[in-house]
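Biologist: Before I rely on the terms used for this structure, I should like to hear the grounds for each of them. Please set each value against its definition.

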Amino acid sequence: MRVNKDQFIEDFVNKLVSKRGKKIKEANLLDKYYALASLTRDYIAEYWVNTNERYLKDNKKQIYYFSMEFLIGKLLISNLMSLGIKEVCEDGLKDLGLDLNEIAEIEKEPGLGNGGLGRLAACFSDSMATLGIPGYGVGIRYKYGLFQQKIMEGYQEEFPDQWLKYENAWEIKRPSESVEVKFGGNVIITQKDNRLKFVHENYESILAVPYDIPIVGYKNNIVNTLRLLSAEVMDKEFDYYHFNKGEYTKAFEDKYNTEAISYVLYPDDSYEKGKILRLKQEYFLVSSGVQSIVESFKKSGKHLKEFYKYVSIHINDTHPALAIPELIRILIDEEGFGWDEAWKITKHTISYTNHTIMAEALEKWNVDMIKKFLPRIFMIIEEINERFCKELWNTKYNGDFDKISEMAIIADNQIKMAHLAIVGSHSINGVAKLHTEILKRKELKEFYNIYPEKFNNKTNGISHRRWLLKCNPKLASVISEYIGPSWIDSPESLMNLLEFKKDPCFKEKIYKIKQYNKNKFANMVKEKYSIEINPNSIFDIQAKRIHEYKRQVLNVFHIMHLYNKLLENPNLDIYPRTFIFAGKAAPGYYIAKETIKLINSLGKKINNDYRIKDKLKVLFIEDYNITLAELLMPAADVSEQISTTTKEASGTGNMKFMMNGAITIATLDGANIEIANEVGEDNIIIFGLKAKEVLEIYKNNTHNSIDIYNEDIRLKTVMDELINGFLPVSMDEFKGIYDSLLKDNDKYLVLKDFCDYVRAQEKIDKLYRNKSKWLEMSVTNIAYSGKFSSDKTIEEYAKEIWGAL
Ligand SMILES: *Cc1c(COP(=O)(O)O)cnc(C)c1O
């Protein structure tokens, strides 16, 4: 859009008055933020309306991306950038004596996601808008986002994230577009005109109220919509009977119970608990989502028979898989379709992304629970299951009861959501090449055998606008200076940087920018934690959810080993390193929380040990979120991507670090493999067991951690230090970690990979000393990172799965 500085200043000053009732002089930071955000939304509104109008007119396919999480990050700066008016606003504010960055900082980040899965949904939304794909995000407006993490005495403590405490400047509430979602009750079956009729009775109704957030395409005048749904009571705000008796708590009980559906995001990443409230959330999302889509499709005047030609519904993991029976329910019960046609429409409409192969993360719902809360949906799932099992019996697996019960959607009193998603959709994709191969050849082999055409790979991606242009403006500007700005629209042109990888002047600029970003981070650390870190040390960062499979403990063991070596010989020539950790642990995940305490205990010991002459520092930065990630990625020299091979489906943190010039130390897992293939083995540090070896170990049970412990004295020393009082905690503090590695035979193969990890880390130490070589590697990584832009990923989804574009 176009706005000149004077116009902007006038608009802003007027907005302060109309929105906040203040003049500049009296306005505080919050006033200024809300005035600016509200003005920005006004600017967006025109394009939003036009986009929606165009989508209605065009006959293009509409894509609905259903996800329980959207981790979108702060929006003010990125919206200004997408509108193309960031510089004008910055200048205008400066004239008023204001600083855009200071104002933008006060925005509260919507914490509507756990980690990678939620951030993926956000990057995909961004890319759909930028590519002009009619794409809608559909999610839940959790009143409290993911908990806020504080570290107290080295332990994680959780606090509610009150991101809606003031107002959300970006959303528009649309109560008139609310829909009713029904829970519980029973189903009456009657016969009418030779057809069965299903009537749902005695249900409890909950209102799903939409809040729309604009998703602004990058400088293309397109604004898509992220629709977040909030649960409200249908009619009765409170119960007069109890109210009049003075029983206020009781009077509001129903309201509370209803609205609780959209109160909290479950904080378990890659773990499934099977809680009733979570089931209700999932159905709440899909039922309101699918109902609105069908309603708006009907308004277009087209026949529902053609639904799948104009609508795609994509489900982000199995969490929204109830969209399958829900669409069938609407088509049969409300629109009068027969089973066969409803089934065909549904299957052609829905596509599914699988995010993990870890058993503990696979969704299974208890049959009795679904029967009770979703009686009609249960009947439909039963019907799908019966027909599917019959199909198996009549075709490939005649007489093979074992095979059929293994593949069934319902078995052992449980509903397997992945099976439902595979059977009821036309596409299932993994999120990196290795992950998809494991799905096809191992985890979902039986399904691949009968539906090979459904399986495909779509390696994850990240928005290079947020993860480079916005979070690292200095780097972005030097890149544009050397290769022009075309990379912003076509990220693969970042390859043109290769030409300059040996150019000393260019490399010096890259070096200076990294130092600038490291200094910025060091200043934050000093201010917040009163810890001095050396900006000339190697910044070695592991930022991601705390999980055993991500192996923060392997990283810790290497640090302990270095520390032991330094204690033995304080003059040892180790390049100074600052090890930085960030990440939340699920509140009920004991070992993950112990890991956080371990990192902090080690930090306390190392950071205060004058003997090692500041050669090592260990930091845990609390409350990892998008805002913190935007500060961390640009400051990283080393990116830790050290999951147990086969366990990390893709990873996206790996891509963000790479894009900002960090060198990756990695196992050949998930998208690390594809990163390695792009940059070549000279520009990434690979270590550890290969997928084949890991699968072999798991299959044949050939691994014995006690043997490794006994054979490697370095490892034995470190392990013993967990429980012998070496760290400033009680002796049994880390017994859980210790036992999981020895008694429980180290399921994630930490000990097995330790030796090779130490070797790889020594290589990093050597390489960093060669500044010229290191910078060449760094430039090479940036150059190849365009391959991992979510624009590319979304283009593939659109062409190969959705049949849009
Ligand atoms: C990218 C991102 C993740 C995912 O990181 P992985 O290393 O892929 O697990 C998690 N949380 C936040 C805040 C992120 O930005």
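Biologist: In which strand is Val-233 found, and why does Val-233 count as buried?

Modeller: Val-233 belongs to strand 10 (residues 223-233); strands are DSSP runs of E with at least two residues, and helices are runs of H or I with at least four, both numbered from the N terminus. Buried means under 20% relative accessible area, exposed over 50%, and partly exposed in between, with a 1.4 Å probe and protein chains only. Val-233 has 9% relative accessibility and therefore counts as buried. The model is predicted: local features need pLDDT of at least 70, side-chain atom pairs count only at pLDDT 80 or more, and totals for chains, interfaces and linings use all residues. Residues are numbered from 1 along each chain as its sequence is written, and side-chain values use heavy atoms, with hydrogens and water left out.

Biologist: Which residues is Val-233 in contact with, leaving aside its neighbours within four places in sequence?

Modeller: Contact means heavy atoms within 4.5 Å. With those neighbours set aside, Val-233 is in contact with Leu-207, Asp-254, Lys-255, Thr-258 and Glu-259. Glu-259 is 26 residues from Val-233 in sequence, yet their C-alpha atoms are 6.9 Å apart.

Biologist: Why is strand 19 described as largely enclosed?

Modeller: Six of the six residues of strand 19 (residues 577-582) are buried, so the rest of the structure largely encloses this strand. On one side these are Arg-577, Phe-579 and Phe-581, and on the other Thr-578, Ile-580 and Ala-582.

Biologist: What makes strand 18 and strand 19 a pair?

Modeller: Two strands pair if DSSP finds at least two bridges between them. Strand 18 (residues 538-543) and strand 19 are joined by six bridges in the parallel sense. Gln-542, for example, has Phe-581 as its bridge partner.

Biologist: How do you know that Lys-550, Gly-653 and Lys-656 offer polar atoms close enough to the ligand to count as polar contacts?

Modeller: A polar contact is a pair of N or O atoms within 3.5 Å; within protein, one must be able to donate a hydrogen and the other to accept it, and residues adjacent in sequence count only if both atoms are side-chain atoms. A polar side-chain atom of Lys-550 is 2.7 Å from a ligand oxygen, a polar backbone atom of Gly-653 is 3.0 Å from one, and a side-chain N or O atom of Lys-656 is 2.6 Å from one.
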